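The following explanation leads through a single protein chain, with attention to its helix packing and its charged side chains. The sequence and structure are shown first.

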Amino acid sequence: MSSERASQQAFFGVSALLFAANAAGTIVWCASMSAMGEMPTPGGWTMSMAWMRMPGQTWPGAAASFLGMWVVMMVAMMLPSLVPMLWRCQAVGRPGETRLGRLTALVGVGYFFVWTVFGMAAFPLGVALAAVEMQQPALARAVPIAVGVVVLMAGSLQLTAWKERHLACCREAPGRDRTLPADAGTAWRHGLRLGLHCSYCCVGLMAILLVIGVMDLRAMAVVAAVITVERLAPAGERVARATGAVAVGAGLFLIARAAGLG
């Protein structure tokens, strides 16, 4: 019993330190990017510098910098909802073994590898859209309406059975009666599978974050809180639907305001 308690304390202690380090890194990154200001566009709004090269920086260097901070941000945002699942999951150790070890880490690495791939896709897409918006004034002027449409669609996605199905996969953990084999391959695949379900489940919320402002700490905190409550609250499905309803209303408001109706 004392060994179990010590293992639990170590697990949550390491998790807390990991979260604190990545949260601090995210705050510092956002503050440094915010100090640079934003790029004015032909549409009369400003664009995040996250999609721009810094002076003297190559595009591979810009991509690597973005990806590094993306991973730090994802760890800070997703770890609170991931840690309880890792602790409950019997895939990270044989009965009687400590759950804090390389298999636990491997599940987490597999999970965040999926989010790393998500960031690798997001950066070139963001850069390409930013370049087009800077070169095409007519398109740039349509961006505020497009943002509202994205928020509206993301909110609608929260209300679908597709969202509910992937959320259920994110919320469940293997029971004691169906322990997974404690080997590296299974741990890695389990992390990838959990990461895929999580990325599918969060695609709407992450789309909102990307279009509103990937460097906005308030938006990050809200999205992270929603993701955590969806995963861990007893009525997580209701939270997802309520969030979707709010996002649909926000999307309609943004569209109306951009069209001059608000």
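Is R231 buried or exposed? In this predicted model, R231 has a relative accessibility of 4% and therefore counts as buried, the cut-off for that class being under 20%. R231 forms a salt bridge with E230, with 3.6 Å between the closest N and O atoms. Through shared partners, salt bridges join R231, E230 and K163 into one network.

The other link in this network is the salt bridge between the side chains of E230 and K163, at 3.0 Å from N to O. This pair connects distant parts of the chain, since K163 belongs to helix α5 and E230 to helix α7, 67 residues apart. E230 counts as buried because its relative accessibility is 0%, and K163 is likewise buried, at 2%.

The two helices concerned also pack against each other. The axes of α5 (residues 161–171) and α7 (residues 217–232) come within 9 Å and cross at roughly 75°, so α5 is roughly perpendicular to α7. On the α5 side the contact is made by K163, L167, C170 and R171, and on the α7 side by E230, R231 and L232. Sorted by class, this contact comprises four charged, three nonpolar and no polar residues.

The structure holds three salt bridges. One of them pairs R218 with D216, whose closest N and O atoms are 3.6 Å apart. Here R218 is exposed, with a relative accessible area of 67%, whereas D216 counts as partly exposed at 23%.

Elsewhere, helix α6 (residues 184–213) contains S199. S199 is buried, at 6% relative accessibility. Beyond its neighbours within four places in sequence, S199 is in contact with V114, W115 and F118.

Technical notes:
Residues are numbered from 1 along each chain as its sequence is written. This is a predicted model: local features need pLDDT of at least 70, side-chain atom pairs count only at pLDDT 80 or more; totals for chains, interfaces and linings use all residues. Side-chain values use heavy atoms; hydrogens and water are left out. Helices (H or I, at least four residues) and strands (E, at least two) are DSSP runs, numbered from the N terminus. Buried means under 20% relative accessible area, exposed over 50%, partly exposed in between (1.4 Å probe, protein chains only). Contact means heavy atoms within 4.5 Å. Axes are lines fitted to C-alpha atoms, for helices over the stretch in contact, and angles run from 0 to 180 degrees between N-to-C directions. Angles under 35 degrees count as roughly parallel, over 145 as roughly antiparallel, 65 to 115 as roughly perpendicular and the rest as oblique. Ala, Val, Leu, Ile, Met, Phe, Trp, Tyr, Cys and Pro count as nonpolar, Asp, Glu, Lys and Arg as charged, and the others, Gly among them, as polar. A salt bridge is a side-chain nitrogen of Lys or Arg within 4 Å of a carboxyl oxygen of Asp or Glu.
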